[in-house]
Amino acid sequence: MQQSIQQLAPGTVFAKDFRIERTLGVGGMGAVYEAEHVSDGQRVALKLMHPSQIADPKLRKRFAQEARVGAWIGSPHIVEVVRAGVDDTGVPWLAMELLQGQTLASRIQRFLPAQGLPHDEAWLVLSQLCRGLMAAHDKGVVHRDLKPENVFITTSARSDAPFTVKILDFGIAKRIDPKAPELNRTTAIGTPLWMAPEQNEVTEITPAADVWAVALVCFRMFTGRYYWMAANERELNLGWLYHELVTDVLPPAKERAELLGCELLLPQGFDAFFTRCIARDPKQRFASAREMTETLAKIAPPFFKPFEASTTLPPGVASVPLPGTSPELAQAVSAPTLAMAAPLPSPMP
């Protein structure tokens, strides 16, 4: 089983109760399958931990965390884990809601190279992203790996949007304790393109790390370009990226957008918001998603309502071409990030 866990064929019954339908993705952390829960017929995204990582207690803890964080946060914008366990061979597994749609990264790709997302759609995505992140920060949970690949746009409509946004992959999230700052230290972890400077060090982590990432996601979403010059090249040069991240002067969003030829795609008033979000000193940023969102609302259109559910969509948004049954959707749904999230009724450690 240890050798074949990543190669479960359609029709295989795993853990006595999950019939494998197809492989959604295989990566270094594990494999994700579309499966049917035999007992009740529910279709789920079944994530299995990679055999090579099972013996590492830290990696097992991260995997288990995915099964608790959603329930701890309690937000409809976090993917739901419906079951979790360990099979007879010792392989940990998570059964998550099976999402239909695509990641924000894939959605943005559809509009390149001309632009990022249409602005009405971008603000609706951002409204729900802020709700989910506020819920996490209010419970003291820092995501630490927020990026377009970990934001999922489902085909499930809401009263305030023709889709539902879910934040994925809380596997490296950290719950902070304001009364014990010595326990809130982070190691160098995250995705270089989106991680805050302090995530390259062994230092205290705060929700401000996610604020940094949100600003970079916004720049990408509105313009279709990356803020980092190194990332806009054909191949990403990590050395150049690190130099930009840690050493170079960080230009305002408008100045960078002018250099990239997309300054007209930025919302009015975005510069001041963005500059505060990417201050290298985390104490100079917005302290949390809630503080960030309160400021963002001042430059957003009226239908940006992250603190409440709106019942009126902006003109034309209902007709935005959302993911359907196209080949693009099939590819998006098969991405490993589909199943990277977590819950179960027990608090995080």
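## A lined cavity, an open sheet and some odd backbone

The lining of the largest cavity has six nonpolar, two polar and three charged residues. Here nonpolar covers Ala, Val, Leu, Ile, Met, Phe, Trp, Tyr, Cys and Pro, charged covers Asp, Glu, Lys and Arg, and polar takes the others, Gly among them. Keep in mind that the model is predicted, so local features need pLDDT of at least 70 and side-chain atom pairs pLDDT 80 or more, while totals for chains, interfaces and linings use all residues. Residues are numbered from 1 along each chain as its sequence is written, and side-chain values use heavy atoms, with hydrogens and water left out.

Back to that cavity. It holds about 40 Å³ of space, and the count of cavities of 30 Å³ or more is one. A cavity is a set of points on a 1 Å grid over the protein atoms alone where a 1.4 Å probe fits but cannot get out, and lining residues have an atom within 4 Å of a point. Points are joined across faces, edges and corners, and the volume is the space filled by probe spheres set on them. The lining is made up of Arg144, Asp145, Leu146, Thr191, Trp194, Met195, Ala196, Gln199, Ala209, Asp210 and Ala213.

Arg144 turns up again in the backbone: arginine 144 has a positive phi of about 75° without being a glycine. It sits in the loop between β8 (141-142) and β9 (151-154), and at 11% relative accessible area it is buried (under 20%; exposed is over 50%, partly exposed in between, with a 1.4 Å probe and protein chains only).

Zooming out, the protein chain has ten helices and 13 strands (DSSP runs: H or I of at least four residues, E of at least two, numbered from the N terminus). Buried residues account for 54% of its 349 residues. Of the contacts (heavy atoms within 4.5 Å) between residues at least 6 apart in sequence, 66% join residues at least 24 apart.

Six of the strands make an open sheet with antiparallel pairing, in the order β1-β2-β3-β4-β6-β5. β1 (13-14) and β5 (81-86) are at the edges with a single partner strand each, so one side of each has no neighbour in the sheet. Pairing calls for at least two DSSP bridges between two strands. Here are some antiparallel pairs:

| Strands | Bridges | A residue and its partner |
|---|---|---|
| β1 and β2 (18-26) | two bridges | phenylalanine 14 and phenylalanine 18 in β2 |
| β2 and β3 (30-37) | seven bridges | arginine 19 and glutamate 36 in β3 |
| β9 and β10 | four bridges | phenylalanine 152 and lysine 166 in β10 |

β10 (residues 164-167) is covered on both faces, with Thr164 and Lys166 buried on one side and Val165 and Ile167 buried on the other.

What joins β1 and β2 in the hairpin? Three residues lie between these strands, and alanine 15 in the turn has a positive phi of about 55°. At 26% relative accessibility, alanine 15 is partly exposed, whereas arginine 144 is buried.

There's one more backbone oddity to look at. Leucine 112 and proline 113 are joined by a cis peptide bond, with omega about 0°. Proline 113 is in the loop between α3 (104-109) and α4 (119-138). For context, most residues other than glycine have a negative phi, and most peptide bonds are trans.

Note on methods:
1 Å grid on protein atoms, 1.4 Å probe; cavity = no way out; pocket = protein on both sides within 12 Å on 5 of 7 lines; lining within 4 Å.
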